[in-house]
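Got the viewer open and a hand on the mouse? Let's take a walk through this one, stop by stop.

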Amino acid sequence: MKYVVAWKPRPGGSAAENEAAAARALEVFSKWTPSSDTTFHQFVARVDGEGGFAVTEGDDPTSAARDIAKFAPFLEYTVYPVLDVAEAAGILAEAVEWRKSIA
């Protein structure tokens, strides 16, 4: 299954607290490696510093949960299961044909 993972910094805190949280998140990130059964196709950061996105693929959603949990104190996540466009278009075409068959 492919996923698009979006993250952004957790809101709240003073400027000093936010800076300390960012420093700690970078320290944790420097020691982290993705789960071995997860493939990262894209791993990008927003240019405004307000989060980022990853396109990942893996068969075990618990691996994604483990990776996300490591950064949960610092970041809020939204995870979207996705399909390649060609596959989704084929599914949509099947649905259109099915609806046409209903008289």
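**Stop 1: a serine in a loop**

Start by selecting Ser35, which you'll find in the loop between helix 1 and strand 2. Keep in mind as you go that this is a predicted model. Is Ser35 buried or exposed? With a relative accessible area of 16%, Ser35 is buried, because the cut-off for that label is under 20%. Now show what Ser35 touches: leaving aside residues up to four places away in sequence, the contacts are Ser63 and Asp67.

**Stop 2: helix 2**

Those two contacts lead us straight on. Select residues 61-71, which make up helix 2, and colour its buried residues: Ser63, Asp67, Ile68 and Phe71. Look down the helix axis and you'll see that they sit on the same side of helix 2, because they cover an arc of only 130 degrees around that axis. What do these buried residues pack against? Bring up helix 1 (15-31) and strand 4 (75-82), since those are the packing partners of the buried residues of helix 2.

**Stop 3: the sheet**

Switch to a cartoon view and pick out the strands. Four of them form an open sheet in the order 2-3-1-4, and the pairing is antiparallel. Which strands stand at the edges? Strand 2 and strand 4 do; each has a single partner strand, so one side of each is left without a neighbour in the sheet. Tilt the view to look for the twist, which averages 15 degrees from one strand to the next.

As a bit of background, strands of a sheet pair through backbone hydrogen bonds, and the pairing can be parallel or antiparallel.

Now zoom in on strand 2 (residues 39-45) and strand 3 (residues 52-57). Six bridges join them in the antiparallel sense. For one example, select Gln42 and then its bridge partner in strand 3, Val55. Follow the backbone around the end and you'll see that strand 2 and strand 3 form a hairpin, with six residues between them. Stop at Gly49 in that turn, where phi is positive at about 75 degrees.

Strand 3 has another pairing to show you. Strand 1 and strand 3 also run antiparallel, paired over six bridges. Select Tyr3 here, and look across to Thr56 in strand 3, its bridge partner.

**Stop 4: salt bridges**

Time to show side chains. How many salt bridges does a search of the whole structure find? There are six, and a few of them are worth a visit.

- Select Lys2 and Asp84. Their closest N and O atoms are 2.8 Å apart, and the two form a salt bridge. Lys2 lies in strand 1 (residues 2-9), while Asp84 is in the loop between strand 4 and helix 3 (85-100), so this pair ties together parts that are 82 residues apart in sequence. Asp84 counts as partly exposed, at 41% relative accessibility.
- Move to helix 1 and select Arg24 and Glu27. This salt bridge has its closest N and O atoms 3.0 Å apart. The two residues are separated by about one helical turn, because they are three residues apart in helix 1. Arg24 is partly exposed at 42% relative accessibility, and Glu27 is partly exposed too, with a relative accessible area of 45%.
- Then go to helix 3 for Glu97 and Lys100. Here the closest N and O atoms of the salt bridge are 3.5 Å apart. Both residues lie in helix 3, three residues apart, which is about one turn of the helix. Glu97 is partly exposed, with a relative accessible area of 46%, whereas Lys100 is exposed at 61%.

Finish this stop with a trio: Lys8, Arg10 and Glu76 are joined into one network by salt bridges that share partners.

**Stop 5: zoom out**

Finally, deselect everything and look at the whole chain. Its secondary structure comes to three helices and four strands, and reading along the sequence gives the pattern β-α-β-β-α-β-α. The radius of gyration is 18 Å, well over the 13 Å that the globule rule gives for 103 residues, so the chain is more spread out than a compact globule. Along the principal axes, the C-alpha atoms fill a box of roughly 65 × 30 × 20 Å.

Try colouring by burial: 19% of the 103 residues count as buried. And if you draw the contacts with a separation of 6 or more, 71% of them come from residues 24 or more positions apart.

Definitions and conventions. Residues are numbered from 1 along each chain as its sequence is written. This is a predicted model: local features need pLDDT of at least 70, side-chain atom pairs count only at pLDDT 80 or more; totals for chains, interfaces and linings use all residues. Side-chain values use heavy atoms; hydrogens and water are left out. Buried means under 20% relative accessible area, exposed over 50%, partly exposed in between (1.4 Å probe, protein chains only). The arc is that of the directions from the helix axis to the C-beta atoms. Contact means heavy atoms within 4.5 Å. Two strands pair if DSSP finds at least two bridges between them. A salt bridge is a side-chain nitrogen of Lys or Arg within 4 Å of a carboxyl oxygen of Asp or Glu. Axes are lines fitted to C-alpha atoms, for helices over the stretch in contact, and angles run from 0 to 180 degrees between N-to-C directions. The radius of gyration is taken over C-alpha atoms; the globule rule is 2.2 Å times the number of residues to the power 0.38.
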